[in-house]
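Subject: Handing over a structure

Dear colleague,

I am passing on the structure below, together with an account of what was found in it. Please have it open while you read, as the notes move from one part of the chain to another.

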Amino acid sequence: MLTKKQLDLLEFIHTRIQRDGVPPSFDEMKEALDLRSKSGIHRLITALEERGFIRRLAHRARALEIVKLPDSLQGKRGFQPRVIDGDKPDSTPARAIPVETGSVELPVKGRIAAGVPIEAINQVSHNVHVPQSMVGQGDHYALEVKGDSMIDVGINDGDVVVIRETNVADNGDIVVALVEDQEATLKRFRRNGSAIALEAANPAYETRVFRDDQVKVQGKLVGLIRTY
């Protein structure tokens, strides 16, 4: 049996993970539950963890896994366990490595959110072979897509996108954007003066607008690999 505060917090975390792809911060939890300090949130999270409803992932920032929901919440919305990866972006540059005529081998550097930003770009996990014609000149890397916010332009959850490294983009380009130096996302880029909009290609997701000093372009989409 959960207390009302425990149930409220569990529902808030679940809603934010389902909507944004990332758990809320402790400050957001504190504000949502109208608590005076974050210590109260820590106690509630510990209680939920002890009761088997959530699990904290070690050595990962803002990483919570919802293990189960009580019947009262499962009846309100569909539930599927979802693990949020909180690793920091890898700062080591990677280059395309020629492997045979007509193709190159690219490092898959982790997952990128096609949803609201999650801390996403990880250590290189494996490599993929792509046609030489897809990458052209310059340095490239690949990322696995997590989420469905770009589904209307044919980018699905589980696809692998090929990215050309660049720090500039034109309006309408689909880019890897690093938000506030810690969260990466795949979105359509729009600049309006000193503001940058990161647009989804799914009406279920809102366009997010940031100051231009909060967003760094990390690369531009040049290709996509899908496994059936």
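Two strands are said to pair if DSSP finds at least two bridges between them. With that in mind, and remembering that this is a predicted model, one can begin with strand β9, in which Glu183 is the bridge partner of Val179. This contact belongs to the pairing of β8 with β9 (residues 183-192), where the two strands run antiparallel and are joined by 6 bridges. Together β8 and β9 make a hairpin that leaves 3 residues between them, and in its turn Glu180 has a positive phi of about 55°.

Strand β8 also pairs with β12 (residues 215-225), again in the antiparallel sense, this time over 5 bridges, and here Val175 has Lys220 in β12 as its bridge partner. Is β8 itself, then, buried or exposed? The strand, which covers residues 174-179, is mostly covered, since 6 of its 6 residues are buried, and buried here means under 20% relative accessible area. Neither face is left open: Ile174, Val176 and Leu178 are buried on one side, while Val175, Ala177 and Val179 are buried on the other.

The nonpolar cores come next. In soluble globular proteins, nonpolar side chains tend to be buried together. The largest nonpolar core in this model has 16 residues, and those that touch the most other members are Leu9, Leu10, Ile13, Met29, Leu48 and Ile54. At least two residues of this core are supplied by each of α1 (4-20), α3 (38-50) and β2 (64-66). Leu9 may serve as an example, for it touches Met29, Leu33, Ile41, Leu44, Ile45 and Leu48, when residues up to four places away in sequence are not counted. Another core, of 14 residues, lies apart from the largest one, and its members include Ile112, Val145, Met150 and Ala184.

How many salt bridges does a search of the whole structure find? The search finds 6, and three pairs are described here.

In one of these, Asp8 forms a salt bridge with Lys4, with the closest N and O atoms 2.9 Å apart. The two residues are 4 residues apart in helix α1, and they are therefore separated by about one helical turn. Asp8 is partly exposed, at a relative accessible area of 26%, whereas Lys4 is exposed, at 62%.

Another links Asp27 to Lys38, where the closest N and O atoms are 3.8 Å apart. Because Asp27 lies in helix α2 (residues 26-32) and Lys38 in helix α3, this pair ties together parts that are 11 residues apart in sequence. Asp27 is partly exposed, with a relative accessible area of 44%, and Lys38 also counts as partly exposed, at 37% relative accessibility.

The remaining pair to mention returns to strand β9, where Arg191 forms a salt bridge with Asp212, the closest N and O atoms being 3.7 Å apart. Since Arg191 is in β9 and Asp212 is in the loop between β11 (208-211) and β12, the pair ties together parts that are 21 residues apart in sequence. Arg191 counts as partly exposed at 40% relative accessibility, and Asp212 counts as partly exposed at 32%.

With best wishes

Key. Residues are numbered from 1 along each chain as its sequence is written. This is a predicted model: local features need pLDDT of at least 70, side-chain atom pairs count only at pLDDT 80 or more; totals for chains, interfaces and linings use all residues. Side-chain values use heavy atoms; hydrogens and water are left out. Buried means under 20% relative accessible area, exposed over 50%, partly exposed in between (1.4 Å probe, protein chains only). A nonpolar core is a set of buried Ala, Val, Leu, Ile, Met, Phe, Trp, Tyr and Cys residues joined through side-chain atoms within 4.5 Å. Contact means heavy atoms within 4.5 Å. A salt bridge is a side-chain nitrogen of Lys or Arg within 4 Å of a carboxyl oxygen of Asp or Glu.
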